[in-house]
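Please work through the exercises below with the sequence and the model side by side, and try each task before reading its solution.

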Amino acid sequence: MPSAVPLPTRRSFLCAAAVLLLPLPALAQEAPLELTPAEASARAKAGEVTLIDVRTPEEWRETGVAPGATRINLYQPEGPEGFAREVLKRVDGNRNAPIAVVCRTGNRSGQAQRILGALGFSRVYNVREGMSGSASGPGWVARGLPVEACKSC
């Protein structure tokens, strides 16, 4: 007999699908908040945003991590709610705190931005070029912005 999937896992999947697949009219009317890698670096260094790297540990080891970035893998065992819980801890429970999310190319950080927005976070910036670059630009590393080796990943 196949084992049943626990309700929280099924619910997490459905929430993630809803956030990623359904149009969000409020976001469609406003342009998404975005930062270039240089802007994200400068704002994080000045303490104006909390920089969160949503990549996997393997990716953190591969390219390094921006100085001061909090590493929170987007793919949490508890789904989007688990990811949001980790982010909420990092910003001391303040859903209005400015957050910049970065990934490898800007795709997952865009997903993270939508997930957090749907869960009540109001100031989430996407670093669209990511660490490795995309069609939006060359990325954090190619721009020569600082990175730190990730020894504890």
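The exercises move from the whole chain to the sheet, then to one helix and to the aromatic rings.

This is a predicted model, in which local features need pLDDT of at least 70 and side-chain atom pairs count only at pLDDT 80 or more, while totals for chains, interfaces and linings use all residues. Residues are numbered from 1 along each chain as its sequence is written, and side-chain values use heavy atoms, with hydrogens and water left out.

**Exercise 1. Describe the pattern of helices and strands that the protein chain follows along the sequence.**

Begin with the elements: the protein chain has seven helices and five strands, where helices (H or I, at least four residues) and strands (E, at least two) are DSSP runs numbered from the N terminus. Next, read along the sequence, which gives the pattern α-α-β-α-β-α-β-α-β-α-β-α. Finally, turn to burial: of the 153 residues, 41% count as buried, a term that stands for under 20% relative accessible area, with exposed meaning over 50% and partly exposed in between (1.4 Å probe, protein chains only).

**Exercise 2. Determine the order of the strands in the open sheet, and place T50 in its strand.**

The five strands of the open sheet have the order β1-β5-β4-β2-β3, with parallel pairing; two strands pair if DSSP finds at least two bridges between them. At the edges are β1 (34-35) and β3 (70-71), each of which pairs on one side only. Strand β4 (residues 99-102) is joined by three bridges to the parallel strand β5 (residues 124-127), and the bridge partner of I99 in β5 is V124. Four bridges join β2 to β4, also in parallel, and here D53 stands opposite V102.

For the faces of β4, recall that side chains in a regular strand alternate between the two faces of the sheet. I99 and V101 point one way from β4, whereas A100 and V102 point the other way, and all are buried.

T50 lies in strand β2 (residues 50-53) and counts as buried because its relative accessible area is 16%. Leaving aside residues up to four places away in sequence, T50 touches R90, V91, P98, I99 and A100, contact meaning heavy atoms within 4.5 Å.

**Exercise 3. Which residues of helix α3 are buried, and what covers them?**

In α3 (residues 37-45), the buried residues are P37, A40 and S41. Viewed down the helix axis, the buried residues fall within an arc of 100°, so they line one face of α3; the arc is that of the directions from the helix axis to the C-beta atoms. Their cover includes β1, β5 and α7 (139-142). Just after α3, G47 takes a positive phi of about 75°.

**Exercise 4. Which ring does the charged end of R43 sit over, and which residue lies over the face of W60?**

Apply the criterion first: a charge sits over a ring if NZ of Lys or CZ of Arg is within 6 Å of the ring centre and within 35 degrees of the ring normal. The charged end of R43 sits over the ring of Y125, 5.7 Å from its centre. R71 lies over the face of W60, at 5.7 Å from the ring centre.
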